[in-house]
Amino acid sequence: ELEHLNLISTSTDGTISFWNMHQILDNYLSTLSIPNTPYDIDHMIQPSQIIKVHQSGVNSIDIQYLQSLNQLLITTGGDDQSIHFITLENNNEFSINNTNTSLSTITPIAPFIIKAQYQHNNCHSAGITGIKIINNYIFSSGHDQRLNIWKINNHSHLSWLTGFFLEVPQIQDI
């Protein structure tokens with residue numbers, strides 16, 4: 001359903017932002033339908049939720065839907081050389097409120113509930129630039145030209161399995 005369509009972005013301040021695209025489009029179309037309504041982009045386009053995951057830039061992200069649990073597993077790698085992963089569940093209290101004003105507004109309830117959050121520091125000797133989730137494993141690469149393989153234990157902890165030196169400089173993604 002369109003009201004559950006979220007865009008997920010990362011930024012240089014170490015955050016993940018969730019953008020409710022239904023709300024953004026609804027606000028934009030509402031503005032167009034009312035004559036002489038100013039186009040206030042700051043009011044119309046704001047993230048519905050922001051989660052801080054790194055000290056500085058988030059360089060890579062991968063998302064896996066855990067269908068049996070109806071949860072999202074989001075894994076990120078950052079300039080701070082850490083791997084962060086977070087398990088999110090839909091917040092059933094999140095709703096779109098149509099008010100008497102010309103614009104619809106989002107209630108101040110976050111669309112996702114954080115079920116688990118874990119950060120593993122010093123995963124590489126330089127910034128992490130690539131991350132990939134495959135089943136219960138995480139593959140990470142970085143400016144240190146290493147490919148590390150991690151095991152996810154109980155959706156909450158990482159165990160390092162092995163690492164390889166790669167002769168590929170400036171790895172940007174996996």
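Q: In this predicted model, which residue of β11 is the bridge partner of G130?
A: In the predicted model, β10 and strand β11, the latter covering residues 137-142, pair in the antiparallel sense over six bridges. Within that pairing, the residue of β11 that serves as bridge partner of G130 is S141.

Q: Which strands are the edge strands of the open sheet that contains β10?
A: Four strands make up this open sheet, in the order β10-β11-β12-β13 and with antiparallel pairing. Neighbouring strands of the sheet are turned by 20 degrees against each other on average, with direction ignored. The strands that pair on one side only, and are therefore its edges by the criterion of at least two DSSP bridges for a pairing, are β10 and β13 (157-165).

Q: Which strand supplies the largest share of the largest nonpolar core?
A: The largest nonpolar core has 12 residues, including L66, F85, C123, I138 and W150. At least two residues of this core come from each of β6 (83-90), β10 (128-134) and β12 (146-153). The largest share, three residues, is supplied by β10.

Q: How many residues does the second, separate core have?
A: I138, a member of the largest core, is in contact, leaving aside neighbours within four places in sequence, with residues that include I83, I131, I133, W150, I152 and L158. Apart from that core there is a second, separate one, which includes F18, I51, I74 and I86. The number of residues in this second core is 10.

Q: Is strand β5 mostly covered or mostly exposed?
A: From β5, the residues Q71, L73, T75 and G77 point one way, while L72, I74, T76 and G78 point the other way, and all of them are buried. Counted along residues 71-78, eight of the eight residues are buried, so each has a relative accessible area under 20%. Strand β5 is thus described as mostly covered.

Q: Which residue takes a positive phi in the hairpin of β4 and β5?
A: Strand β4 (residues 58-66) runs antiparallel to β5 and is joined to that strand by eight bridges, with I63 having I74 as its bridge partner in β5. Four residues lie between the two strands of this hairpin, and the one with a positive phi, near 55 degrees, is N70.

Q: What is the phi of Q81 in the turn between β5 and β6?
A: β5 and β6 pair in the antiparallel sense over seven bridges, and the bridge partner of Q71 in β6 is E89. The two strands form a hairpin with four residues between them, and Q81 in its turn has a positive phi of about 70 degrees.

Q: Is D62, which meets K132 in a salt bridge, buried or exposed?
A: A search of the whole structure finds two salt bridges, and in one of them the side chains of K132 and D62 meet at 3.8 Å, N to O. The pair links distant parts of the chain, with K132 in strand β10 and D62 in strand β4, 70 residues apart. K132 is partly exposed, with a relative accessible area of 32%. Because its relative accessible area is 12%, D62 counts as buried.

Q: Which residue forms a salt bridge with K115?
A: K115 lies in strand β9 (residues 112-120) and is partly exposed, with a relative accessible area of 47%. The other member of the pair lies in strand β6, 26 residues apart from K115, and counts as partly exposed at 25% relative accessibility. With the closest N and O atoms 3.9 Å apart, the partner of K115 is E89.

Note on methods
Residues numbered from 1 in each chain as written. Predicted model: local features only at pLDDT ≥ 70, side-chain atom pairs only at ≥ 80, totals over all residues. Heavy atoms only, no water. Core = buried A, V, L, I, M, F, W, Y, C linked by side-chain atoms within 4.5 Å. Buried < 20%, exposed > 50% of the residue type's maximum accessible area, 1.4 Å probe, protein only. Contact = heavy atoms within 4.5 Å. Axes fitted to C-alpha atoms, helices over the stretch in contact; angles between N-to-C directions. Salt bridge = Lys/Arg side-chain N within 4 Å of Asp/Glu carboxyl O.
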